[in-house]
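Thanks for making time this morning. I would like to go through one model with you, beginning with the chain as a whole and ending on a single residue.

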Amino acid sequence: MEQKPLSIDIDAIVKAKTSKHIPQCLINLLKRVVHQDEINAFLKRDLHGVDFFQGVLDLMQCSDSVAGAENLKLIPDGQSAIFASNHPLGALEAMVMGKHFGEIYGTELNFVVNEFLMYLTPIANYFTPVDVASTSVMKNRNAKERLQQLFASKKHVVMFPSGAASRRIDGIVQDKPWKKTFVTMAKEHHRCIVPVKVDGRNSIHFYLLAKLRELLGIKFSYEMLLLPDEMFRQRGKTISITIGKPIEWENLMSVKDDWTLVKLIRQKVYSL
């Protein structure tokens, strides 16, 4: 049976998620916010793998810039890396890394992502799903097993240790506190860590909504619904990343406290 192209259907999603009557005007607004028609037109092209990553950048009319690519040659022979990156935009930085790292490593590349991204079937084979924003990922048996299997493989792994797009904190656009999973896995599986910095920021509306939600004590991150629109707001811009020198696992072992390493590597990323 021929498989239907992936598509977004806000009407069906709303119907499935709530039994309450939602005014059609609000549903139509949500369709515009997530750019349903534009995204579905793109998905009909049925792109896969690196072509999908490049296709998203083309759709956004975004160019990309990669500095420090020569540092990838410093990854020890036969060793797999963990790319630890800040997460200022929420999507396009992954497209740039997927494009460039995918061209180098092919299918031996994987991103640790939120479970809902597995719906992106054209690139789902690049993903390992976990609740990356959770502080107790390693206490979840299924998530732990998936991560252990991934890090025991030969695949290079991209991680955003904050688990969410950056927010405006203390007047500065920066990640929320990083989780230590990437350090723990690097030590356990003898992987080097490659720091990666992404330049960019979302709109003031995104940060204001996040701050208002926090002030009201609302736990659900409603600002995340704006991320598709934030992606389209980057239209025509250059997405720049900088790749640092690998930190070898032997050097990681010399620091006993993982949280100390998390702090040091985060500082390294932001200093690139």
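What we have here is a predicted model, and I will start with its contacts: among those in the chain with a separation of 6 or more, 74% are between residues that lie 24 or more positions apart. As for secondary structure, the chain holds 11 helices and nine strands. Its radius of gyration is 19 Å, close to the 19 Å that the globule rule gives for 272 residues, so the chain is as compact as a globular protein of that length. Taken along the principal axes, the box filled by the C-alpha atoms is roughly 60 × 45 × 40 Å.

Turning to burial and surface, 47% of the 272 residues are buried, while the chain exposes about 14600 Å², of which carbon and sulfur atoms supply 55%. On the charges, the chain carries 36 positive and 29 negative ones, and the mean positions of these two sets are 6 Å apart.

Now to the single residue, Q79, which sits in the loop between β1, residues 63-67, and β2, residues 81-85. Is Q79 buried or exposed? With a relative accessible area of 16%, Q79 falls under the 20% cut-off and therefore counts as buried. Leaving aside residues up to four places away in sequence, Q79 touches H156, H190, R191, C192 and W249. For one of these partners, C192, I can add a distance: its C-alpha atom is separated from that of Q79 by 7.5 Å, although the two residues are 113 residues apart along the chain.

Definitions and conventions: Residues numbered from 1 in each chain as written. Predicted model: local features only at pLDDT ≥ 70, side-chain atom pairs only at ≥ 80, totals over all residues. Heavy atoms only, no water. Helix = DSSP H or I, 4+ residues; strand = E, 2+ residues; numbered from the N terminus. Rg over C-alpha atoms; globule rule 2.2 N^0.38 Å. Buried < 20%, exposed > 50% of the residue type's maximum accessible area, 1.4 Å probe, protein only. Contact = heavy atoms within 4.5 Å. Areas by Shrake-Rupley, 256 points an atom, 1.4 Å probe, with all protein chains shown as cover. Lys, Arg positive; Asp, Glu negative; His and termini not counted. Charge placed at Lys NZ, Arg CZ, Asp CG, Glu CD.
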